[in-house]
Amino acid sequence: VTGNINSLKALKDTLTMVSIEFSNNVNGDFPVHGDFMDLADFPRLKELDLFQTAVIGDVREIGAHDFPALKSLSLPKDVYGGDGQEFQS
């Protein structure tokens, strides 16, 4: 998988899990990028695992209506507050 995670918007109403781990190419670059908040309005998303991608963002931007079904969140260290966040149910 390569490209910006906002390209997943076409699957917004059906995705329940996104797991992209260790997505580096032969140069050691991480070809999956974007802002994890682009997926905040996915109503069925329960699991979001973007560990070791080039995704950016800030968990402090998560609002009361963002990620309404999310139970598990794993973000890379470049996301402020990232690297293994868990939500209470």
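The exercises below work through strands, burial and charged side chains in a predicted model.

**Exercise 1. State how many helices and strands the chain has, and how its contacts are spread along the sequence.**

Step 1. Counting the secondary structure elements of the chain gives 0 helices and 6 strands, and reading along the sequence gives the pattern β-β-β-β-β-β.

Step 2. Among contacts between residues at least 6 apart in sequence, 57% join residues at least 24 apart.

Step 3. For the surface, 33% of the 89 residues count as buried, and the accessible surface comes to about 5400 Å², of which 49% belongs to carbon and sulfur atoms.

**Exercise 2. Work out the strand order of the open sheet, and find which strands lie at its edges.**

Step 1. Begin with β1 and β3, which run parallel and are joined by 2 bridges; here Gly-3 has Val-32 in β3 as its bridge partner.

Step 2. Go on to β3 and β5, which pair in the parallel sense over 3 bridges. Within this pairing, Gly-34 has Val-55 of β5 as its bridge partner, and Asp-35 stands opposite Ile-56 in β5.

Step 3. Put together, the 3 strands form an open sheet with parallel pairing in the order β1-β3-β5. The edge strands are β1 and β5 (54–56), since each pairs on one side only.

**Exercise 3. Determine to which faces the side chains of β3 point, and describe the residue Pro-31 in the loop between β2 and β3.**

Step 1. In a regular strand the side chains alternate between the two faces of the sheet.

Step 2. Along β3, Val-32 and Gly-34 point to one face and are buried, whereas His-33 and Asp-35 point to the other face and are not buried.

Step 3. Pro-31 is placed in the loop between β2 and β3, and because the cut-off for buried is under 20% relative accessible area, its value of 18% makes Pro-31 count as buried. The C-alpha atoms of Pro-31 and Thr-2 are 4.9 Å apart in space, although the two residues are 29 apart in sequence.

**Exercise 4. Find the salt bridges of the structure, and explain which parts of the chain the bridges of Asp-41 link.**

Step 1. Side chains of opposite charge can pair when their charged atoms come close. A search of the whole structure finds 3 salt bridges.

Step 2. One of them joins Asp-41 to Lys-9, with the closest N and O atoms 2.9 Å apart. Asp-41 lies in the loop between β3 (32–35) and β4 (47–49), while Lys-9 lies in the loop between β1 (3–4) and β2 (17–19), so this pair ties together parts that are 32 residues apart in sequence.

Step 3. Asp-41 also meets the side chain of Lys-12 in a salt bridge, at 3.1 Å from N to O. This pair likewise links distant parts of the chain, 29 residues apart, with Lys-12 in the loop between β1 and β2 and Asp-41 in the loop between β3 and β4.

Step 4. Taken together, Lys-9, Lys-12 and Asp-41 are linked in a network of salt bridges. As for accessibility, Asp-41 is partly exposed at 35%, Lys-9 is partly exposed at 34%, and Lys-12 is partly exposed at 26%.

Step 5. A further salt bridge joins Asp-58 and Arg-60, whose closest N and O atoms are 2.7 Å apart. In this pair Asp-58 is buried, with a relative accessible area of 13%, whereas Arg-60 is exposed, with a relative accessible area of 57%.

**Exercise 5. Asp-49 is buried yet has no salt bridge; find how far away the nearest side chain of opposite charge is, and which residues the side chain of Asp-49 reaches instead.**

Step 1. Asp-49 is placed in strand β4.

Step 2. The nearest side chain of opposite charge belongs to Lys-77 and is 15 Å away, which is to be set against the cut-off of 4 Å for a salt bridge.

Step 3. Turning to polar neighbours, the side chain of Asp-49 reaches the backbone nitrogen of Phe-51 at 3.3 Å, and a polar contact of 3.5 Å joins the side chains of Asp-49 and Ser-74.

Step 4. The solution is therefore that Asp-49, buried and without a salt bridge, has contacts that include the backbone nitrogen of Phe-51 and the side chain of Ser-74, a salt bridge being counted within 4 Å.

Key
Residues are numbered from 1 along each chain as its sequence is written. This is a predicted model: local features need pLDDT of at least 70, side-chain atom pairs count only at pLDDT 80 or more; totals for chains, interfaces and linings use all residues. Side-chain values use heavy atoms; hydrogens and water are left out. Helices (H or I, at least four residues) and strands (E, at least two) are DSSP runs, numbered from the N terminus. Buried means under 20% relative accessible area, exposed over 50%, partly exposed in between (1.4 Å probe, protein chains only). Lys and Arg count as positive and Asp and Glu as negative; His and the chain ends are not counted. A polar contact is a pair of N or O atoms within 3.5 Å; within protein, one must be able to donate a hydrogen and the other to accept it, and residues adjacent in sequence count only if both atoms are side-chain atoms. Contact means heavy atoms within 4.5 Å. Accessible areas come from the Shrake-Rupley method with a 1.4 Å probe; for residues, only the protein chains shown count as cover. Two strands pair if DSSP finds at least two bridges between them.
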